[in-house]
Amino acid sequence: MFQTLYKIPKIVLKHYRKIVQEPLLSKFILKSTSSACADLHYKSESMCPMAKPKLVVFDLDYTLWPFWVDTHVDAPFTMGSNGKVYDAHHKHVKYYPDVPGILSQLHGEGIYLGIASRTSMPAEASDLTRLFNWDQFFHYRQIYPGCKITHFKKLHQQSGIPYEDMIFFDDEHRNIHDVSSLGVTCILVEDGVTKECLKKGMETFRECKGTKKPTS
Ligand SMILES: [Mg+2]
């Protein structure tokens with residue numbers, strides 16, 4: 001947001017990330033859990049074994065791909081003849097390896113998929129999801145800076161899906177904290193979304209489902 005409002009040069013933002021934000025985030029993650037995914041939502045004694053979410057929402061940076069799109073890579077992005085995506089300096093832009101399979105699996109099960117990202121470069125982020133051929137899977141997209149409670153209120157308005165029927169995967173403690181307050185099952189991702197992480201998310205969703213009250 002600051003970059004958008006005040007036109008902060010990219011190099012300054014990059015150093016801010018390196019010096020201030022990265023150590024802060026690492027501190028949060030180290031304190032939160034030693035497991036691959038941390039459930040920061042409340043636990044329940046009861047469980048709904050067949051319960052499935054209606055909407056699964058993903059953050060982008062350090063959740064679906066291993067970088068900040070506004071600092072670590074440079075647009076424009078292009079696809080090479082080998083099918084790989086490159087940035088302006090011909091650096092190979094990668095995603096976490098399990099991601100395409102996870103998106104395809106959830107989509108195939110009839111579960112709606114969404115994006116909630118607070119990047120300051122929404123157009124560039126959207127270019128990447130298009131080049132990675134993921135747009136076929138995502139029904140809802142909320143990509144802009146700011147608290148993700150706003151993102152989820154809009155996702156709820158657009159989809160009509162109650163918060164208690166959603167799962168959210170994100171690598172930042174602050175987002176998990178904020179979105180959990182709405183009643184969404186939130187999973188803290190530590191090294192990108194993996195199949196194991198998805199499994200943990202589904203188990204946590206089923207555990208939580210028994211005690212959640214419907215939202216309007
Ligand atoms: Mg992130």
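Colleague: Which residues does Gly114 touch, not counting residues up to four places away in sequence?

Modeller: Gly114 touches Leu55, Val57, Phe138, His139, Tyr140, Arg141 and Leu155. This is a predicted model, so treat each such contact as a computed one. Gly114 is found in strand β5. Its C-alpha atom and that of Val56 are separated by 6.2 Å, although the two residues are 58 apart along the chain.

Colleague: Is Gly114 buried or exposed?

Modeller: Count the C-beta neighbours. A residue with 20 or more other C-beta atoms within 10 Å is buried. Gly114 has 23 inside 10 Å, so it counts as buried.

Colleague: Now the whole protein. How many helices and strands does the secondary structure come to?

Modeller: There are 7 helices and 8 strands. Of the 216 residues, 35% are buried. Take the contacts with a separation of 6 or more: 71% of them come from residues 24 or more positions apart.

Colleague: How do I read a helix? Which residues of α5 are buried?

Modeller: Start with the general idea. An α-helix has 3.6 residues a turn, so residues three or four places apart point the same way. Now the case here. In α5, the buried residues are Lys148, His151, Phe152, Leu155 and His156. Down the axis of α5 these fall within an arc of 135°, so they line one face of the helix.

Colleague: What do the buried residues of α5 pack against?

Modeller: Three strands and a helix: β2 (55-58), β5 (112-117), β6 (140-143) and α6 (173-180). Leu155 of α5 is also one of the residues that Gly114 touches.

Colleague: How far apart are the end C-alpha atoms of α5?

Modeller: They are 16 Å apart. Helix α5 runs over residues 148-159, which is 12 residues. At 1.5 Å a residue the helix should span 16 Å, so the two agree. Just after α5, Gly160 takes a positive phi of about 75°.

Colleague: Let me try α3. Which residues are its buried ones?

Modeller: Ile102, Leu103 and Leu106 are the buried residues of α3. They cover an arc of only 95° around the axis, which puts them on the same side of α3. The face turned away from that side carries the exposed residues Gly101 and Gly108. On the buried side, the packing is against β2, β5 and α7 (195-209). Just after α3, Gly110 takes a positive phi of about 80°.

Colleague: On to strands. Which residues point one way from β8, and which the other way?

Modeller: In a regular strand the side chains alternate between the two faces of the sheet. In β8, Thr185, Ile187 and Val189 point one way. Cys186 and Leu188 point the other way. In strand β8 (residues 185-189), 5 of the 5 residues are buried, so the strand is largely enclosed by the rest of the structure.

Colleague: In what sense do β7 and β8 pair?

Modeller: In the parallel sense, over 4 bridges; β7 covers residues 166-170. Asp170 stands opposite Leu188 in β8. From β7 the chain crosses through α6 to β8, and this β-α-β crossover is right-handed.

Colleague: What about the nonpolar core? Which residues have the most contacts inside the largest one?

Modeller: In soluble globular proteins, nonpolar side chains tend to be buried together. Here the largest nonpolar core has 41 residues, and Val57, Phe168, Phe169 and Val193 have the most contacts inside it. Take Val193. Beyond its neighbours within four places in sequence, its contacts include Phe58, Leu64, Tyr96, Ile102 and Phe169. Ile102 is one of the buried residues of α3.

Colleague: Last, the backbone. What joins Ala75 and Pro76?

Modeller: Most residues other than glycine have a negative phi, and most peptide bonds are trans. Ala75 and Pro76 are joined by a cis peptide bond, with omega about 5°. Pro76 lies in the loop between β2 and β3 (78-79).

Colleague: Where is Tyr62 found?

Modeller: Tyr62 is in the loop between β2 and β3. It is not a glycine, yet its phi is positive, about 60°. With 19 other C-beta atoms within 10 Å, Tyr62 is partly exposed.

Colleague: And His90: is it buried or exposed?

Modeller: His90 is exposed, with 8 other C-beta atoms within 10 Å. His90 also has a positive phi of about 60° without being a glycine. Its place is the loop between β4 (85-86) and α3 (99-108).

Conventions. Residues numbered from 1 in each chain as written. Predicted model: local features only at pLDDT ≥ 70, side-chain atom pairs only at ≥ 80, totals over all residues. Helix = DSSP H or I, 4+ residues; strand = E, 2+ residues; numbered from the N terminus. Expected span 1.5 Å × (residues − 1). Buried ≥ 20, exposed ≤ 12 C-beta atoms within 10 Å, placed from the backbone. Arc of directions from axis to C-beta. Contact = placed C-beta atoms within 7 Å. Pairing = 2+ DSSP bridges. Right-handed = clockwise from strand over helix to strand, strands pointing away. Core = buried A, V, L, I, M, F, W, Y, C linked by C-beta atoms within 7 Å.
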